[in-house]
Amino acid sequence: MNDIAANVKIVQQRIQAAEKKFSKLAETITLLAVSKKQSVEKIKGAAAAGLHAFGENYVQEALPKIEALPHLEWHFIGAIQSNKCVPIAEHFSWVHALSSATIAQRLNKARPIDSPPLNVCIQVNLEGSSNKAGIAPNEVLALAQFVMTLPKLRLRGLMTLPEPSTDFEAQRQPFRQLARLLLDLQQAGLSVDTLSMGMSQDCEAAIAEGATIVRIGTAIFGERV
Ligand SMILES: *Cc1c(COP(=O)(O)O)cnc(C)c1O
């Protein structure tokens with residue numbers, strides 16, 4: 001087995017062990033392979049090992065990869081600049097880091113009429129988030145309700161990117177907050193199902209709090225060069 005196939009297996013086993021430990025339904029978590037700064041060859045290796053969903057942070061870097069591997073499912077997980085809404089809406093199936101109504105409107109306008117709606121997560125800037133990206137928790141409902149009015153977008157849920165921590169209980173805190181915010185949306189009548197949270201270092205804590213998509217780069221591909 002090559003390195004990437006072995007790494008994919010290890011990550012899948014980590015996910016399964018966490019599902020079991022925290023009494024989550026088996027095989028309900030999507031492993032999103034974060035392939036920023038990784039080559040097409042490595043992505044092919046991960047696909048051959050059974051992965052289907054790939055996450056990219058930079059449009060310019062992602063487009064040739066998507067062109068080379070169009071059968072894979074591509075998720076845009078980086079910050080969405082307004083001048084990149086057209087290529088993002090044209091080439092990706094998901095965006096994870098929506099944080100404004102203006103960007104939502106642009107993505108909706110740019111989504112091709114013959115493509116299915118773009119799946120959208122709203123990025124939330126919880127206390128201790130690693131940067132200022134994302135919106136405040138008290139702004140989530142209004143943006144979510146706005147996205148629901150846009151026909152070419154499909155609101156799926158929430159995403160967060162916390163400050164790295166090595167303490168398991170500390171890792172769980174922001175994920176628990178995000179899960180509560182998703183519940184608030186559901187209780188407000190929105191049909192949302194996705195918590196995009198957890199990376200190589202903290203995916204077990206995210207799974208403990210109900211992650212449905214974990215975004216894993218380093219643990220699959222090794223350090224980014
Ligand atoms: C790079 C990145 C990841 C993956 O991080 P790893 O620590 O390599 O697993 C996940 N989510 C986002 C938004 C990223 O930018």
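**Backbone outliers, the ligand site and Ile 220**

Lys 37 counts as partly exposed, because its relative accessibility is 43%; this class lies between buried (under 20%) and exposed (over 50%), for a 1.4 Å probe and protein chains only. The model is predicted: local features need pLDDT of at least 70, side-chain atom pairs count only at pLDDT 80 or more, and totals for chains, interfaces and linings use all residues. Residues are numbered from 1 along each chain as its sequence is written, and side-chain values use heavy atoms, without hydrogens and water.

Lys 37 is not a glycine, yet its phi is positive, at about 65°. The residue is placed in the loop between β1 and α2 (40-48). Helices (H or I, at least four residues) and strands (E, at least two) are DSSP runs, numbered from the N terminus.

Ser 23 also has a positive phi, about 55°, and is not a glycine either. This serine lies in the loop that joins α1 (3-21) to β1 (30-34). Ser 23 is exposed, because its relative accessibility reaches 66%. In sequence, 185 residues separate Ser 23 from Ala 208. In space, the C-alpha atoms of Ser 23 and Ala 208 are 8.4 Å apart.

Asn 83 occupies another loop, between β3 (73-76) and α4 (85-91). With a relative accessibility of 58%, Asn 83 is classed as exposed. Asn 83 and His 52 are 31 residues apart in sequence. Their C-alpha atoms are 28 Å apart in space.

The ligand has 13 residues around it, each with a heavy atom within 4 Å. Lys 36, Asn 57, Ser 200, Thr 218 and Arg 224 come nearest. The shell comprises six nonpolar, four polar and three charged residues. Here Asp, Glu, Lys and Arg count as charged, Ala, Val, Leu, Ile, Met, Phe, Trp, Tyr, Cys and Pro as nonpolar, and the others, Gly among them, as polar.

Three side chains place polar atoms by the ligand. For Thr 218, a polar side-chain atom is 2.5 Å from a ligand oxygen atom. For Asn 57, the distance from a polar side-chain atom to a ligand oxygen atom is 2.7 Å. Arg 215 has a polar side-chain atom 2.9 Å from a ligand nitrogen atom. Polar contacts are pairs of N or O atoms within 3.5 Å. On its own, the ligand has 390 Å² of accessible area, and the protein covers 90% of this (Shrake-Rupley method, 1.4 Å probe).

Helix α9 (residues 218-221) contains Ile 220. Ile 220 is buried, because its relative accessible area is 0%. From Ile 220 to Asn 57, the separation in sequence is 163 residues. The C-alpha atoms of Ile 220 and Asn 57 are 16 Å apart in space.

Terms used: Polar contact = N/O pair within 3.5 Å; in protein donor to acceptor, adjacent residues only side chain to side chain.
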